[in-house]
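Please find below my notes on the model, set out as numbered points. They begin with a strand pairing and then turn to a helix and its side chains.

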Amino acid sequence: MHFVTTFLDRETARPELAREESLIPKVVDIRHELHAGPCACSTRSFFDDLLLPMEGACANESATPDGFNTMLETAFDIEEELIRAKPPEGVCHNDLVTQNFIRSAGTLKLLDFDCAGHGPIAAGLSSAASQFEPNESET
(Lines give C-alpha, C1' and ligand atoms only; values in the text may rest on other atoms or scores of the structure.)
Protein backbone atom coordinates (compact mmCIF):
# COMPACT_ATOMS: atom_id res chain seq x y z
CA MET A 1 0.00 0.00 0.00
CA HIS A 2 2.74 2.48 0.89
CA PHE A 3 4.24 2.39 -2.61
CA VAL A 4 0.93 3.71 -4.00
CA THR A 5 1.17 6.83 -1.85
CA THR A 6 4.32 7.78 -3.76
CA PHE A 7 2.06 8.74 -6.66
CA LEU A 8 -0.25 10.95 -4.61
CA ASP A 9 0.12 14.61 -3.86
CA ARG A 10 0.44 13.98 -0.17
CA GLU A 11 2.57 14.28 2.93
CA THR A 12 2.99 11.57 5.55
CA ALA A 13 1.72 12.71 8.96
CA ARG A 14 4.93 12.14 10.91
CA PRO A 15 5.00 13.47 14.52
CA GLU A 16 6.73 16.72 13.52
CA LEU A 17 4.14 17.50 10.83
CA ALA A 18 1.30 16.50 13.15
CA ARG A 19 2.49 19.04 15.73
CA GLU A 20 3.17 21.84 13.25
CA GLU A 21 -0.16 21.48 11.48
CA SER A 22 -2.26 20.58 14.54
CA LEU A 23 -3.20 17.25 12.96
CA ILE A 24 -3.50 15.31 16.21
CA PRO A 25 -7.11 16.47 16.78
CA LYS A 26 -7.86 15.30 13.23
CA VAL A 27 -6.37 11.88 14.06
CA VAL A 28 -8.77 11.73 17.00
CA ASP A 29 -11.66 12.75 14.72
CA ILE A 30 -10.81 9.94 12.30
CA ARG A 31 -10.81 7.46 15.20
CA HIS A 32 -14.25 8.72 16.32
CA GLU A 33 -15.59 8.34 12.79
CA LEU A 34 -14.23 4.82 12.56
CA HIS A 35 -15.77 3.79 15.89
CA ALA A 36 -19.15 5.32 15.05
CA GLY A 37 -19.76 2.89 12.20
CA PRO A 38 -21.19 -0.60 12.46
CA CYS A 39 -18.70 -3.46 12.66
CA ALA A 40 -19.43 -6.60 10.69
CA CYS A 41 -15.77 -7.59 10.57
CA SER A 42 -14.08 -10.43 12.39
CA THR A 43 -12.52 -10.02 15.81
CA ARG A 44 -8.83 -9.25 15.62
CA SER A 45 -6.48 -8.73 18.50
CA PHE A 46 -3.42 -6.56 18.08
CA PHE A 47 -1.84 -9.03 20.52
CA ASP A 48 -1.86 -11.62 17.73
CA ASP A 49 0.77 -9.62 15.84
CA LEU A 50 2.91 -9.53 18.94
CA LEU A 51 2.33 -12.89 20.57
CA LEU A 52 2.24 -15.32 17.66
CA PRO A 53 5.80 -14.60 16.48
CA MET A 54 7.02 -14.59 20.08
CA GLU A 55 5.38 -17.98 20.74
CA GLY A 56 6.88 -19.28 17.50
CA ALA A 57 10.35 -18.20 18.58
CA CYS A 58 9.90 -20.12 21.83
CA ALA A 59 8.47 -23.22 20.13
CA ASN A 60 11.35 -23.34 17.63
CA GLU A 61 13.88 -22.74 20.38
CA SER A 62 15.17 -19.76 18.44
CA ALA A 63 17.82 -17.58 19.99
CA THR A 64 16.10 -14.85 21.97
CA PRO A 65 17.42 -11.85 23.92
CA ASP A 66 17.71 -11.81 27.69
CA GLY A 67 14.35 -11.16 29.30
CA PHE A 68 12.39 -12.47 26.29
CA ASN A 69 10.34 -14.98 28.30
CA THR A 70 9.49 -12.33 30.88
CA MET A 71 8.37 -10.00 28.09
CA LEU A 72 6.19 -12.76 26.61
CA GLU A 73 4.58 -13.49 29.98
CA THR A 74 3.96 -9.76 30.52
CA ALA A 75 2.28 -9.48 27.11
CA PHE A 76 -0.03 -12.40 27.97
CA ASP A 77 -0.81 -10.82 31.35
CA ILE A 78 -1.71 -7.49 29.72
CA GLU A 79 -3.95 -9.25 27.20
CA GLU A 80 -5.73 -11.18 29.97
CA GLU A 81 -6.25 -8.00 32.00
CA LEU A 82 -7.63 -6.20 28.97
CA ILE A 83 -10.08 -9.04 28.28
CA ARG A 84 -11.13 -9.12 31.95
CA ALA A 85 -11.74 -5.34 31.96
CA LYS A 86 -14.23 -5.62 29.06
CA PRO A 87 -13.31 -2.27 27.47
CA PRO A 88 -15.45 -0.60 24.78
CA GLU A 89 -15.05 -2.32 21.43
CA GLY A 90 -15.54 -1.30 17.84
CA VAL A 91 -13.79 -1.21 14.51
CA CYS A 92 -10.04 -1.10 15.10
CA HIS A 93 -7.49 -0.22 12.45
CA ASN A 94 -4.72 -2.11 14.31
CA ASP A 95 -1.90 -0.41 12.40
CA LEU A 96 -2.00 3.26 13.35
CA VAL A 97 1.59 4.04 12.42
CA THR A 98 2.21 7.57 11.21
CA GLN A 99 2.77 6.52 7.59
CA ASN A 100 -0.84 5.29 7.44
CA PHE A 101 -2.05 8.87 7.96
CA ILE A 102 -1.49 11.15 5.01
CA ARG A 103 -2.39 14.77 4.45
CA SER A 104 -3.71 15.23 0.95
CA ALA A 105 -5.70 18.07 -0.57
CA GLY A 106 -6.06 19.73 2.83
CA THR A 107 -7.53 16.68 4.60
CA LEU A 108 -6.12 13.87 6.68
CA LYS A 109 -6.72 10.36 5.36
CA LEU A 110 -6.24 6.96 6.98
CA LEU A 111 -4.89 4.14 4.79
CA ASP A 112 -4.02 0.46 4.98
CA PHE A 113 -6.88 -1.47 6.56
CA ASP A 114 -5.49 -4.98 6.03
CA CYS A 115 -5.08 -5.50 9.81
CA ALA A 116 -8.46 -4.01 10.72
CA GLY A 117 -11.00 -5.91 12.78
CA HIS A 118 -13.32 -5.74 15.76
CA GLY A 119 -11.50 -5.17 19.04
CA PRO A 120 -10.83 -2.85 22.00
CA ILE A 121 -10.92 0.82 20.99
CA ALA A 122 -8.24 1.69 23.55
CA ALA A 123 -5.74 -0.42 21.61
CA GLY A 124 -5.99 1.87 18.61
CA LEU A 125 -5.77 4.98 20.72
CA SER A 126 -2.67 3.75 22.52
CA SER A 127 -1.08 2.78 19.21
CA ALA A 128 -1.69 6.23 17.73
CA ALA A 129 -0.44 7.90 20.92
CA SER A 130 2.82 5.96 20.83
CA GLN A 131 3.36 6.73 17.15
CA PHE A 132 2.57 10.45 17.21
CA GLU A 133 4.62 11.13 20.35
CA PRO A 134 2.11 13.62 21.77
CA ASN A 135 3.15 16.14 24.41
CA GLU A 136 1.21 16.41 27.68
CA SER A 137 -1.47 18.80 26.40
CA GLU A 138 -2.01 16.75 23.21
CA THR A 139 -2.40 13.57 25.27
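**Notes on the model**

1. Ile 102 stands opposite Lys 109 in β4. Strand β3 (residues 101-104) runs antiparallel to β4, and four bridges join them; strands are taken as paired if DSSP finds at least two bridges between them. Helices (H or I, at least four residues) and strands (E, at least two) are DSSP runs, numbered from the N terminus.

2. This is a predicted model, in which local features need pLDDT of at least 70 and side-chain atom pairs count only at pLDDT 80 or more, while totals for chains, interfaces and linings use all residues. Residues are numbered from 1 along each chain as its sequence is written, and side-chain values use heavy atoms, with hydrogens and water left out.

3. The side chains of β4 (residues 107-110) alternate along the strand: Leu 108 and Leu 110 point to one face and are buried (under 20% relative accessible area, with exposed over 50% and partly exposed in between; 1.4 Å probe, protein chains only), whereas Thr 107 and Lys 109 point to the other face and are not buried. The hairpin of β3 and β4 has two residues between the strands, and there Ala 105 takes a positive phi near 50°.

4. Helix α5 has 18 residues and reaches 26 Å from its first C-alpha to its last, close to the expected 26 Å at 1.5 Å a residue, where the expected span is 1.5 Å times one less than the number of residues. Just after α5, Lys 86 takes a positive phi of about 50°.

5. Which residues of α5 are buried? They are Phe 68, Leu 72, Ala 75 and Glu 79; seen down the helix axis, the buried residues fall within an arc of 60° (the arc of the directions from the axis to the C-beta atoms), so they line one face of α5. On the other side of the helix, Thr 70, Glu 73, Asp 77, Arg 84 and Ala 85 are exposed.

6. The structure holds two salt bridges, each defined as a side-chain nitrogen of Lys or Arg within 4 Å of a carboxyl oxygen of Asp or Glu. In one of them Glu 80 meets Arg 84, with the closest N and O atoms 3.9 Å apart; these residues are four apart in α5 (residues 68-85), and therefore separated by about one helical turn.

7. Arg 84 also forms a salt bridge with Glu 81, at 3.0 Å from N to O, and these two are three residues apart in α5, again about one helical turn. Salt bridges that share partners thus join Glu 80, Glu 81 and Arg 84 into one network. Within this network, Glu 80 is partly exposed at 44% relative accessible area, Glu 81 is partly exposed at 43%, and Arg 84 is exposed at 53%.
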